Amino acid sequence: MKSYDIVVIGGGPAGLAAAAAAKRSGIDSILILERDKELGGILNQCIHNGFGLHTFKEELTGPEYARRFIEQVQELEIEYCLDTMVIDISHEKVVTAMNREEGLFEIQAKAVILAMGCRERSRGALNIPGYRPAGIYSAGTAQRLVNMEGFMPGREVVILGSGDIGLIMARRMTLEGAKVKVVAELMPYSGGLKRNIVQCLDDFGIPLKLSHTVVEIRGKERLTGITLAQVDGKGKPIPGTEEDYDCDTLLLSVGLIPENELSRGMGVDIEPVTSGPSVNESLETNIDGVFACGNVLHVHDLVDYVSEEAAVAGENAAKYVKGILPENSGKEIKLVPTDGVRYTVPKTIDPERMAEELTVRFRVGNVYKNCFVSVYFDDERVVHRKRPVVAPGEMENVKFKKTQLASYPDLKTITLKIEEA
């Protein structure tokens with residue numbers, strides 16, 4: 001059995017950034033396992049620009065952003081295997097994988113970095129009544145067909161869900177000559193970034209219908225049309241609000257789910273809200289030496305934040321392998337999301353193990369206008385940040401300094417909440 005100090009599962013933006021950071025931290029024995037035929041992950045099909053503004057201070061397309069990190073991995077001479085499917089990771093960090101060249105093989109790792117990304121929620125999860133004709137795609141599948149395979153999924157399009165991929169595909173299909181009739185969203189707010197609503201819908205005159213969903217699918221062989229209806233506060237269709245649309249294609253952009261079958265199989269604790277692993281300040285899971293980063297941990301809106309988070313995971317995995325990641329001091333501080341804050345990453349902070357500065361990322365559960373993002377150390381309010389608007393589609397963060405936490409030696413909980421102005 002081969003052995004490596006660090007095995008990175010996934011060669012997308014998170015896996016590449018984590019591997020590069022681990023190598024720069026002094027670990028030579030690193031292996032990246034990627035199931036696709038090339039590195040770069042989902043970025044290879046994201047040919048629009050808007051990437052890299054934080055990381056590289058310039059605007060790049062997805063493949064250009066991925067290329068920067070692929071080049072780093074190649075310059076640092078980090079080993080990687082493509083077309084390699086990981087099928088199991090044991091509690092003892094034995095990775096079982098398979099590919100055409102070597103068949104089934106096992107690798108013993110000292111540390112594992114989980115960076116498998118996420119997948120799209122499918123039609124089956126939505127309970128839309130109707131037949132199952134051709135012409136219904138997830139937005140990411142349509143993006144791959146148009147941008148990488150050179151196929152046009154259809155000509156008259158309705159999009160259900162206003163996540164970022166759905167918004168971007170509304171613009172992409174329009175630019176390729178399709179007619180996008182409407183984007184419908186079940187929630188009373190959009191799930192995507194504000195800039196994508198402006199650049200992808202408003203600029204092309206595509207209507208966005210909030211609090212609407214698809215209640216019927218028509219067509220036997222190929223989709224011929226759908227029916228939209230308005231929904232009430234509980235998401236139930238309101239009789240009498242139905243509108244028919246003729247279309248040959250329905251794209252579903254109804255949420256992303258972290259890809260955590262491997263994590264569950266090895267016994268990693270999963271957070272119910274994010275569907276990703278529960279991690280501490282080092283991005284380490286409940287299993288010693290197993291770290292998680294990127295969309296497998298929680299769904300990000302900007303790839304720049306994925307790279308930033310992955311670098312932290314890579315550096316901490318390197319410290320773990322070298323034996324210089326401090327032991328658990330037993331002084332764990334719990335992070336408590338409440339009053340509009342849905343979750344936090346990380347879940348706990350050990351002030352003695354944390355870096356000089358720690359970024360805590362979180363998302364809100366609704367649109368709040370003229371509000372405050374507040375942080376309480378036990379019962380004392382230490383952050384009260386005024387925000388004109390916070391929305392579920394945009395990830396928020398707060399930063400804590402090690403010195404700040406050190407001045408509260410008996411701190412038990414840090415509470416994050418949204419307070420009305």
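Two residues count as touching when their heavy atoms lie within 4.5 Å. With that in hand, let us walk through this predicted model.

**Overall build**

Eight helices and 27 strands make up the secondary structure of the protein. Its radius of gyration is 22 Å, close to the 22 Å that the globule rule gives for 421 residues, so the protein is as compact as a globular protein of that length. The table gathers some whole-protein values.

| Property of the protein | Value |
|---|---|
| Span of the C-alpha trace along the principal axes | about 65 × 60 × 40 Å |
| Buried share of the 421 residues | 53% |
| Exposed area | about 18800 Å² |
| Share of the exposed area from carbon and sulfur atoms | 49% |

Contacts often reach far along the chain: of those between residues at least 6 apart in sequence, 62% join residues at least 24 apart.

**The nonpolar cores**

In soluble globular proteins, nonpolar side chains tend to be buried together. Here the largest nonpolar core holds 67 residues, and the members touching the most others are I6, I9, L33, I89, V95 and L114. Helix 7 (residues 303–322) gives this core its largest share, eight residues. Another core, of 22 residues, lies apart from it and includes I333, F362, V390 and L416.

What does V95 touch, leaving aside residues up to four places away in sequence? Its partners are V7, I9, L33, V86, D88, I89, F105, E106, I107 and V112. The list takes in D88 and E106 alongside residues such as I9 and L33.

**Helix 3 and its surroundings**

Helix 3 spans residues 139–149, and its buried residues are A139, G140, A142, Q143, L145, V146 and N147. An α-helix has 3.6 residues a turn, so residues three or four places apart point the same way. Which elements do the buried residues of helix 3 pack against? They meet strand 9 (118–120), strand 10 (136–138), helix 4 (164–175) and strand 17 (249–252). Just beyond the end of helix 3, G150 adopts a positive phi of about 80°.

**A three-stranded sheet**

Strands of a sheet pair through backbone hydrogen bonds, either parallel or antiparallel. One open sheet in this model has three strands in the order 14-15-16, with antiparallel pairing. Strand 14 (212–218) and strand 16 (243–246) are the edges, each pairing on one side only. On average, neighbouring strands of this sheet are turned by 30° against each other, direction ignored. Six bridges link strand 14 to strand 15 (residues 225–230) in the antiparallel sense, and I217 stands opposite I226 in strand 15.

Key
Residues are numbered from 1 along each chain as its sequence is written. This is a predicted model: local features need pLDDT of at least 70, side-chain atom pairs count only at pLDDT 80 or more; totals for chains, interfaces and linings use all residues. Side-chain values use heavy atoms; hydrogens and water are left out. Two strands pair if DSSP finds at least two bridges between them. Helices (H or I, at least four residues) and strands (E, at least two) are DSSP runs, numbered from the N terminus. Axes are lines fitted to C-alpha atoms, for helices over the stretch in contact, and angles run from 0 to 180 degrees between N-to-C directions. A nonpolar core is a set of buried Ala, Val, Leu, Ile, Met, Phe, Trp, Tyr and Cys residues joined through side-chain atoms within 4.5 Å. Buried means under 20% relative accessible area, exposed over 50%, partly exposed in between (1.4 Å probe, protein chains only). The radius of gyration is taken over C-alpha atoms; the globule rule is 2.2 Å times the number of residues to the power 0.38. Accessible areas come from the Shrake-Rupley method with a 1.4 Å probe; for residues, only the protein chains shown count as cover.
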